[in-house]
Amino acid sequence: MWWFQQGLSFLPAALVVWSAASFVFSYITAIVLHHVDPLVPYISDTGTIPPERCLFGIMLNISAFLGMATMYVRYKQVYALNPEKNKIIKLNKIALTLGLMSCFGLCIIANFQKCILYYIHVVGACLTFGVGAIYLLVQTVLSYLMQPELHSKDIFWIRLTMFLWCCSSIVSMFISSVILYSGLYGMNLVQKLHWDPQEKGYTAHIISTISEWSLAFSFLSFFLTYIRDFQKISLRAVVSLHGQTLYDIPQSRGSEEQALLIAGSI
């Protein structure tokens, strides 16, 4: 049995690989068609013009679905491991809510392009990475509370490192973006897809774009730490039938008995 066949470990692996591919494929397409500069464009700029915009949108929507599935499984696993610890249960619910909000933000990024609806796109980015960073923080705290009884201290330190990497990328991107879009280097820079290294503001632009790529991959890297945990969990769906037909007409007592069908592991 391969490692990704154990439990539900394929979920976080698929989330990371698919999301990274959505960035890389749209980047390659945009570069080949000369829609952006090859040297570290904004991720959002690589999904602004068709056809890469279509590819970018549909792949990120699938990433959002994979993210929701991964976060839900994580929620169920933490709950199952700590059924009587109220503090952990409350933090676990908060984490799930934050995670779903982050995935919703990813859908906004996918469907509202930067150069068309900039402010809505920024809201989506804040939900995805801002609220997402808080999700990473809560999960890191949960890892601290569960070690060393349920997992090793190494997992906590790895997740803490991923969280700090994500936070440093957010700070770097925020500062460089504020400087870039402050008006010192011209107006309407949001629509600008091609930059000359000799232009004013180019340094701030490069720092901002590198920080964005760093932020995206630091955020995704956190979910790689779920793979080993997810090898030890499976979920089963239970289907409850309240009758032998789909008619509204009352059936005999025998047909009113509940039938349970237990599906296999997801």
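**A helical chain, its pockets and its salt bridges**

F56 lies in helix α2, and this residue makes a handy way into the structure, which is a predicted model. With a relative accessible area of 2%, F56 is buried. Leaving aside residues up to four places away in sequence, F56 touches S22, F23, S26, I43, G47 and I109. Three of these partners, S22, F23 and S26, also appear among the buried residues of α1. Some way further along the chain sits Q113, 57 residues from F56, yet the C-alpha atoms of the two are separated by 9.9 Å.

Stepping back to the whole chain, there are 7 helices and 2 strands. Read from the N terminus, the helices come ahead of the strands, in the order α-α-α-α-α-α-α-β-β. The C-alpha atoms fill a box of roughly 80 × 50 × 35 Å along the principal axes. Of the 266 residues, 45% are buried. Contacts often reach a long way along the sequence: among those between residues at least 6 apart, 71% join residues at least 24 apart.

Helix α1 gives a good look at how one element sits among the others. The helix has 23 residues, and from its first C-alpha to its last it reaches 32 Å, close to the 33 Å expected at 1.5 Å a residue. Its buried residues are L11, P12, A13, L15, V16, S19, A20, A21, S22, F23, S26 and A30. What covers them includes α2, α6 and α7. Just after the helix, H34 takes a positive phi of about 60°.

Next come the open spaces. Rolling a probe the size of a water molecule over the atoms shows where empty space is left. In this model the largest pocket holds about 880 Å³ of space. Its lining counts 38 residues, and A125, C126, F129, M173 and L215 are the ones that lie nearest its centre. Many helices take part: α1 (10-32), α2 (52-81), α3 (86-111), α4 (118-146), α5 (153-180) and α6 (202-224) each supply at least two residues of this lining. Of the contributors, α4 gives the most, with 8 residues. As for chemistry, the lining of the largest pocket divides into 26 nonpolar, 10 polar and 2 charged residues.

The second largest pocket has a volume of about 270 Å³. Lining this one are R74, Q77, A80, L81, M146, L150, H151, S152, I155, R228, D229 and K232. Here α2 and α7 (226-230) each supply at least two residues, and α2 gives the most, with 4. The lining of the second largest pocket splits into 5 nonpolar, 3 polar and 4 charged residues.

Two of the residues lining the second largest pocket, R74 and D229, turn up again among the salt bridges. The count for the model comes to 4 salt bridges. In one of them D229 pairs with R74, the closest N and O atoms being 3.3 Å apart. This pair links distant parts of the chain, with D229 in helix α7 and R74 in helix α2, 155 residues apart. R74 has a relative accessible area of 2%, so it is buried. D229 stands at 12% relative accessibility and therefore counts as buried too, the cut-off being under 20%.

D229 has another partner as well: R159 forms a salt bridge with D229, and their closest N and O atoms are 2.7 Å apart. R159 lies in helix α5 and D229 in helix α7, so this pair ties together parts that are 70 residues apart in sequence. R159 is buried, just as D229 is. Put together, R74, R159 and D229 are linked in a network of salt bridges.

A further salt bridge offers a contrast in burial. The side chains of E199 and K192 meet at 3.1 Å, N to O. E199 is partly exposed, with a relative accessible area of 30%, and K192 is partly exposed as well, at 22%. In the network, by comparison, R159 and D229 are both buried.

Notes
Residues are numbered from 1 along each chain as its sequence is written. Side-chain values use heavy atoms; hydrogens and water are left out. On a 1 Å grid over the protein atoms alone, a cavity is a set of points where a 1.4 Å probe fits but cannot get out, and a pocket is an open set with protein on both sides within 12 Å along at least five of seven lines; lining residues have an atom within 4 Å of a point. Grid points are joined across faces, edges and corners, and a volume is the space filled by probe spheres set on the points. Ala, Val, Leu, Ile, Met, Phe, Trp, Tyr, Cys and Pro count as nonpolar, Asp, Glu, Lys and Arg as charged, and the others, Gly among them, as polar. Buried means under 20% relative accessible area, exposed over 50%, partly exposed in between (1.4 Å probe, protein chains only). The expected span of a helix is 1.5 Å times one less than its number of residues. Contact means heavy atoms within 4.5 Å.
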